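Reader: I would like a close look at one part of this model. Please take the strand that contains Ile 105, and then set it in the rest of the protein.

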Amino acid sequence: MNNKKRVAVIIVAAGVGKRMGRGIAKQYLELKEEPILLHTLRKFDLPEIDEIIVVIKKEDKDLFESRILNKIDFKIKTVYGGKERIDSVRNGMESLSNNIDIVLIHDGVRPFVSKDIIRENIIVAREKGAALTAVKSKDTVKIVEKDLVANTPNREKIYLAQTPQSFKKDILIRAYDELESSEGITDDSMVVERLGEKIYIVQGNYDNIKITTEEDLFIGERILEKNGI
């Protein structure tokens, strides 16, 4: 029997993309004539990744099959999302194989993650238990309350969170099991933070943007051109 511990990625692609206003979920919009989600999935077709789980909206099943599933030549699992992102991640976790050791969680609309960042996430999660891809803020950040500046934190300590965010499976499961409220939770590292676990930074890349607005689509096209795609 093979007891080798393995690596899985949960790609969360169950959002509706209301801010884009295109009448179609943003993960199915195209960059260089291919859906954003397809660009994302291909980044995780790596020898280091043993299992790819894609969380989609149930209503998008036919769209996903025609625009994504029929265009890839590697194996994935598909599960349906929940009401909130946190519910979608839970559904993805429930479909993990028993011998998975490391779990990466990645935004389906973050198609420019590099393979080096993915590999570094796996290494750090294996060694430390929890990893967060992030980049230093280029801008000065202001804490604002009721339209007034309350304070200005030290920019050297401000990082912008990206994905993947990566964890030993037992830590991630325990964090979700012990989460009492999802209020204020905006990413998976926050769930693990509430457990009291240390989370180590993996240096991200400023190209690793999340496609959210029309402007992001334009930037995405430029990134692809820069990379010769």
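Author: What follows starts with strand 6, then moves outward to other parts of the chain.

The model is predicted. Strand 6 covers residues 100–107, and Ile 105 sits in it. How many of the residues of strand 6 are buried? Seven of the eight are, so the strand is largely enclosed by the rest of the structure. Buried here means under 20% relative accessible area. Ile 105 has 0% relative accessibility, so it counts as buried.

Now the partners of strand 6. Strand 1, residues 6–13, runs parallel to strand 6, and seven bridges join the two. In this pairing, Val 7 lies opposite Ile 102 of strand 6. Strand 10, residues 159–168, also pairs with strand 6. Here the sense is antiparallel, and the bridges number four. Ile 105 faces Gln 165 of strand 10.

Which residues does Ile 105 touch, leaving out those up to four places away in sequence? The list holds Ile 10, Val 12, Arg 85, Val 89, Thr 163, Pro 164, Gln 165, Phe 167, Leu 172 and Asp 188. Gln 165 is thus on the contact list, and it also stands opposite Ile 105 in the strand pairing. One distance can be added for scale. Met 93 is 12 residues from Ile 105 along the chain, and their C-alpha atoms are 9.7 Å apart.

Next, the loop that follows strand 1. Gly 15 lies in the loop between strand 1 and strand 2, the latter being residues 30–31. Is Gly 15 buried, partly exposed or exposed? Its relative accessible area is 36%, so it is partly exposed. Beyond residues up to four places away in sequence, Gly 15 touches Ala 25, Gln 27 and Lys 57. The C-alpha atoms of Gly 15 and Ala 161 are separated by 19 Å, with their positions 146 residues apart along the chain.

Gln 27 appears again at Pro 35. Pro 35 belongs to strand 3, residues 34–35. With 0% relative accessibility, Pro 35 counts as buried. Its contacts, apart from neighbours within four places in sequence, are Gln 27, Tyr 28, Leu 29, Glu 30, Arg 67 and Ile 68. The C-alpha atom of Pro 35 lies 9.6 Å from that of Val 109, a residue 74 places away along the chain.

Helix 1 comes next, at residues 36–43. Six of its eight residues are buried, so the helix is mostly covered. Those six are Ile 36, Leu 37, Leu 38, His 39, Thr 40 and Leu 41.

Helix 1 also takes part in a pocket. The second largest pocket has a volume of about 250 Å³. Its lining has 14 residues, and the closest to the pocket centre are Lys 43, Pro 111, Phe 112, Asn 227 and Ile 229. Which elements give two or more residues to this lining? They are helix 1 and helix 7, the latter at residues 214–226. Helix 1 gives the most, with three residues. By type, the lining splits into six nonpolar, four polar and four charged residues.

A hairpin elsewhere deserves a short stop. Strand 8, residues 143–145, and strand 9, residues 148–151, pair in the antiparallel sense over three bridges. Glu 145 stands opposite Leu 148 of strand 9. Two residues lie between the strands of this hairpin, and Lys 146 takes a positive phi near 55°.

Finally, the whole protein. It has seven helices and 11 strands. How does its radius of gyration relate to that of a compact globule? A compact globule of 229 residues would have a radius near 17 Å; the protein has 18 Å, which agrees. Along the principal axes, the C-alpha atoms fill a box of roughly 55 × 40 × 35 Å. Of the 229 residues, 47% are buried. Contacts that are long in sequence also count here. Among contacts between residues at least 6 apart in sequence, 72% join residues at least 24 apart.

Back to the starting point. Strand 6 is paired with strand 1 in parallel and with strand 10 in the antiparallel sense. Ile 105 is buried in this strand, at 0% relative accessibility.

Methods:
Residues are numbered from 1 along each chain as its sequence is written. This is a predicted model: local features need pLDDT of at least 70, side-chain atom pairs count only at pLDDT 80 or more; totals for chains, interfaces and linings use all residues. Side-chain values use heavy atoms; hydrogens and water are left out. On a 1 Å grid over the protein atoms alone, a cavity is a set of points where a 1.4 Å probe fits but cannot get out, and a pocket is an open set with protein on both sides within 12 Å along at least five of seven lines; lining residues have an atom within 4 Å of a point. Grid points are joined across faces, edges and corners, and a volume is the space filled by probe spheres set on the points. Ala, Val, Leu, Ile, Met, Phe, Trp, Tyr, Cys and Pro count as nonpolar, Asp, Glu, Lys and Arg as charged, and the others, Gly among them, as polar. Two strands pair if DSSP finds at least two bridges between them. The radius of gyration is taken over C-alpha atoms; the globule rule is 2.2 Å times the number of residues to the power 0.38. Buried means under 20% relative accessible area, exposed over 50%, partly exposed in between (1.4 Å probe, protein chains only). Contact means heavy atoms within 4.5 Å.
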